[in-house]
Amino acid sequence: MKVISAYRPFSLLGIMNLILFNSAQYNTMSKLTYGLIMLVALTMIAPLLVAAESEDDEHEENDNEGRYGEREGSDERESEDEEHEGNAFGSASNTVLYVTLAAIVAVGSYSAFKVYQAKKKATKKLV
Amino acid sequence: MNFFSSFSQYKKIILIASVLLAPALSYADDDVDYGGYAQTLGWVSIGAGVVANVSFMIFNAVRKLPLIKIGMGSEMQKMGALMYKPMLNFHILLNAVGFFAGMSHGLMLFGGLDSISLSLAIVMTVSMISGVILKFESDRNLKLFGRLVHGQIILSILLVSLVTLHVVTMSGDFD
């Protein structure tokens with residue numbers, strides 16, 4: 001498995017955290033805002049690193065195809081079978097991702113609806 | 001429990017997270033496969049999450065038991081009330097350590113990212129953000145939103161399932 005040194009953005013965020021959290025004028029709301037910004041930045045950096053890594057993978061695959069393009073017969077059949085298995089697993093894990101995203105959207109929507117209901121009740125009581 | 005009694009401990013969270021990252025930083029410039037260290041970080045994340053959440057769930061369940069009815073008196077209730085804040089801080093601290101360890105594990109093994117790992121990272125981030133909102137936000141509506149999201153059983157089930165799937169699918173790569 002490839003291991004890439006993607007620690008740099010994360011460590012920079014950690015250092016910024018240490019500096020800012022030591023500031024005497026740092027109040028609770030700013031801490032929350034900064035913490036959320038840090039988490040959002042981390043999640044935004046992640047796809048960029050994946051994209052960079054996948055470009056490298058594509059270049060490597062193209063090189064490999066050039067070298068091994070002369071294989072025939074049973075080798076091709078075996079690789080097709082493996083590809084079918086890989087595709088099945090890939091589609092199953094993509095399903096997991098879609099289910100996860102759907103669940104999070106559902107939870108968020110339900111929570112927002114409950115907050116809206118509570119706010120509406122409070123407004124009615126005032127009136 | 002005095003260690004967890006006040007919450008200037010977020011600084012300790014950062015300190016502990018930095019301690020976890022320090023060995024990664026020291027190996028970062030070497031062309032060495034530190035997949036073993038990354039794997040350890042993953043187990044640290046799982047262990048911290050299990051201890052933080054199971055202990056807090058058990059504490060809350062015991063606290064809500066009708067102890068007076070079974071003759072254990074009001075002392076247990078008082079102790080429960082006193083212990084709540086330290087237990088909550090313990091839960092927050094350990095979950096934060098687990099979150100940072102998990103994210104470090106994910107960043108170090110980015111090349112092997114798949115849909116299950118990405119789903120797990122998303123669910124962990126959502127839980128963390130909702131917990132942060134619940135703890136630090138003063139606005140009533142946002143706090144209610146954070147409490148609703150953070151307390152959803154479906155997120156907990158999703159998290160446990162994804163961790164299990166991730167361990168099962170990735171265990172072959174480290175053998």
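Is M83(B) buried, exposed or partly exposed, and what is its relative accessible area? In this predicted model, M83(B) belongs to helix α3 of chain B. Its relative accessible area is 30%, and because buried means under 20% and exposed over 50%, M83(B) counts as partly exposed. A partner from elsewhere in the chain can be placed alongside: F59(B) is 24 residues away from M83(B) in sequence, with a C-alpha to C-alpha separation of 9.1 Å.

Attention turns next to the nonpolar interior. The largest nonpolar core holds 16 residues, and those touching the most other members are F99(B), V123(B), M124(B), L155(B), L158(B) and L162(B). At least two residues of this core come from each of α3 (74–126) of chain A and, in chain B, α3 (73–108), α4 (115–136) and α6 (153–170). Helix α4(B) gives the largest share, five residues. The surroundings of V123(B) can be followed in both chains: beyond neighbours within four places in sequence, V123(B) contacts T100(A) and I104(A) as well as L155(B), L158(B), L159(B) and L162(B). A second core, separate and made of five residues, has A38(B), L41(B), A101(B) and L109(B) among its members.

Helix α4(B) also packs with α5 (residues 140–150) of chain B, where the two axes come within 8 Å and cross at roughly 145°. This crossing is left-handed. On the α4(B) side, the contact involves V126(B), S127(B), S130(B), G131(B), I133(B), L134(B) and K135(B), while α5(B) contributes L142(B), K143(B), G146(B), R147(B), V149(B) and H150(B). Sorted by class, the residues in this contact are five nonpolar, five polar and three charged.

Definitions and conventions
Residues are numbered from 1 along each chain as its sequence is written. Chains are lettered from A and ligands numbered from 1 in the order in which they are written. This is a predicted model: local features need pLDDT of at least 70, side-chain atom pairs count only at pLDDT 80 or more; totals for chains, interfaces and linings use all residues. Side-chain values use heavy atoms; hydrogens and water are left out. A nonpolar core is a set of buried Ala, Val, Leu, Ile, Met, Phe, Trp, Tyr and Cys residues joined through side-chain atoms within 4.5 Å. Buried means under 20% relative accessible area, exposed over 50%, partly exposed in between (1.4 Å probe, protein chains only). Helices (H or I, at least four residues) and strands (E, at least two) are DSSP runs, numbered from the N terminus. Contact means heavy atoms within 4.5 Å. Axes are lines fitted to C-alpha atoms, for helices over the stretch in contact, and angles run from 0 to 180 degrees between N-to-C directions. A crossing is left-handed if the near helix is turned anticlockwise from the far one by less than a right angle, and right-handed if clockwise. Ala, Val, Leu, Ile, Met, Phe, Trp, Tyr, Cys and Pro count as nonpolar, Asp, Glu, Lys and Arg as charged, and the others, Gly among them, as polar.
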